[in-house]
Amino acid sequence: MTESDELDRLLAAWATRYRLTQVQVASVRAHVASSESAAPAALDAEWLWWLLRPVTALVDRLELAEPDAGGFGLRSGSGPQWTTYLQLA
Amino acid sequence: MSVDPDFEQLYAAHRQTLHAYVLGRTGDAELALDLLQDVFVRAWRNLASLDSLPPGRQRAWLISVARNLVVDHHRAQGTRRATGLALACEAAIGERAAVGADAEALEHQRLELLDAAIWRLPDELRSVLLLSVLDGRTSTEIGEALGRPAGTVRYQLAQARRRLALELGLDDVERGAER
C-alpha cells in the first residue's frame, strides 16, 4: 500500500464520522416540513386586502366625514385628476 | 409527516453535497445541520422554480444559497468556529498520545491527527476536499457546483492532500501532488 493509498484509507475512515446519518436526514426533512406548514403558500390577494383593511377603513371614514377636505394627495376633490376621474365616470 | 415527492427527490439528490459544503465552510457539525435545514427550507419555498432546472443547475443554486447563509453566519459571529474545533482536536491528541502504541490506539491517533489537520485547512481547500471525500463528487462536478474550473478544483484537491500528507508524515503523497 502506497502512502497515497494510506491517505485515501484514512480519509475514508474519517468520512464515516461526518457523513449524514439517517437520523439526521430524517430530522432535517421534518424541520423543513414543519417550516413549510407555518409559511404562507403564496401571495393571497384576499388575505392582503384583509391585512390592509384597517388602513383603508380609516381613509374611507375620513372621506365620508369630509368629502371636500382633501389631504390625501391625488384624491383632493378639487384637483384636476379627481375632476377628470369624476367626469369619465 | 408527508413531504412533496419533488422535494424528496431534490433532497435525496443534494443533501450530502450541501452537508459536505456547509461542514467544510463552517467546521462545525451542529451548525452545518442548522444551515442545511435553512438551505432546504429556502429550496422548498422555491421548489416550483428549482424543479424546472437540471440537477447541475439545482446544485449550483443550492450551493449559492448555502454560501450566502455561511457568509451571513460568519458576519454575525465575527469568529471562526473551525479554529476552536481544531484546537479541541489537538488537545484530544495530546491526551491520547499517552494511551499506548497498540494498533487500535495508533489508528485512532492518526484519525485524530487527520481530523485536526482537516479543520486547519483554509475554507476553500476544505470545502473542495469534503465534497470529494464525503460526497464522492468528481472535480468537474465540484467545479460546476462552486463555479470554478475543474482544473482549479484538481489543484485545490492536490493542495489539500499535500498539506494533510505533510501533517501525517506521508511524504510520498507530497511528492505525488507536485507532479
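Which residue of chain A does Glu8(B) meet in a salt bridge? In this predicted model, the partner is Arg29(A), and the N to O distance between the two side chains is 2.7 Å. The pair joins two chains, because Glu8(B) lies in helix H1 of chain B and Arg29(A) in helix H2 of chain A. Both ends of the bridge keep some accessible surface: Glu8(B) is partly exposed, with a relative accessible area of 25%, and Arg29(A) also counts as partly exposed, at 22%.

Before going further into the contact, a word on confidence is helpful. The predictor assigns the complex an ipTM of 0.77 and a pTM of 0.69. Chain B has an average pLDDT of 84, with 80% of its residues scoring at least 70. Among the elements of chain B, the highest mean, 95, belongs to helix H9 (residues 150-168), while helix H5 (residues 81-96) has the lowest, 52. For chain A the mean pLDDT is 69, and 38% of the residues reach 70 or more. Within chain A, helix H1 has the highest confidence, at 92, and helix H4 (residues 80-88) the lowest, at a mean of 51.

Chain A is built from four helices and zero strands, so that reading from the N terminus gives the order α-α-α-α. Of its 89 residues, 19% are buried.

The interface itself draws 36 residues from chain B and 29 residues from chain A. Interface size is often expressed as the accessible area lost when the parts come together. Here, chain B and chain A bury about 3200 Å² between them, and 67% of that area is on carbon and sulfur atoms. The polar side of the contact can be counted too: 13 residue pairs, with both residues at pLDDT 80 or more, are in polar contact between chain B and chain A. On the chain B side, the elements that contribute two or more residues are helix H1 (5-26), helix H2 (29-45), helix H6 (103-120), helix H7 (123-133), helix H9 and helix H10 (171-178). Helix H6 of chain B supplies the largest share, eight residues. By residue class, the side of chain B that touches chain A comprises 22 nonpolar, four polar and 10 charged residues.

Arg19(A) offers a closer look at the contact. This residue sits in the loop between helix H1 (3-18) and helix H2 (22-38) of chain A and counts as partly exposed, at 32% relative accessibility. Leaving aside residues up to four places away in sequence, Arg19(A) touches Gln24(A) in its own chain and Gln16(B), Val133(B) and Leu134(B) across the interface. Two of these contacts involve backbone oxygens of chain B. A polar atom of the Arg19(A) side chain lies 3.1 Å from the backbone oxygen of Val133(B), and one lies 2.9 Å from the backbone oxygen of Leu134(B).

Side chains of opposite charge can pair when their charged atoms come close. Six salt bridges are found across the interface of chain B and chain A, and the count over all chains comes to 15.

Other salt bridges lie within chain B. Arg75(B) pairs with Asp72(B), the closest N and O atoms being 3.7 Å apart. These two residues are separated by about one helical turn, because they stand three residues apart in helix H4 (residues 55-77) of chain B. Arg75(B) is exposed, at 63% relative accessibility, whereas Asp72(B) is partly exposed, at 43%. The bridge between Arg137(B) and Asp135(B) has an N to O distance of 2.7 Å, and here both residues are buried. In addition, salt bridges that share partners link Arg25(B), Asp123(B), Glu124(B), Arg126(B) and Arg148(B) into one network.

A last residue to visit is His14(B), which is placed in helix H1 of chain B. His14(B) is buried, with a relative accessible area of 1%. Apart from residues up to four places away in sequence, its contacts are Phe40(B), Pro55(B), Gln58(B), Arg59(B) and Leu62(B).

Terms used: Residues numbered from 1 in each chain as written. Chains lettered and ligands numbered in written order. Heavy atoms only, no water. pLDDT = per-residue confidence, 0-100. Contact = heavy atoms within 4.5 Å. Buried area = accessible area lost by both parts, 1.4 Å probe. Salt bridge = Lys/Arg side-chain N within 4 Å of Asp/Glu carboxyl O. Polar contact = N/O pair within 3.5 Å; in protein donor to acceptor, adjacent residues only side chain to side chain. Nonpolar A, V, L, I, M, F, W, Y, C, P; charged D, E, K, R; others polar. Buried < 20%, exposed > 50% of the residue type's maximum accessible area, 1.4 Å probe, protein only.
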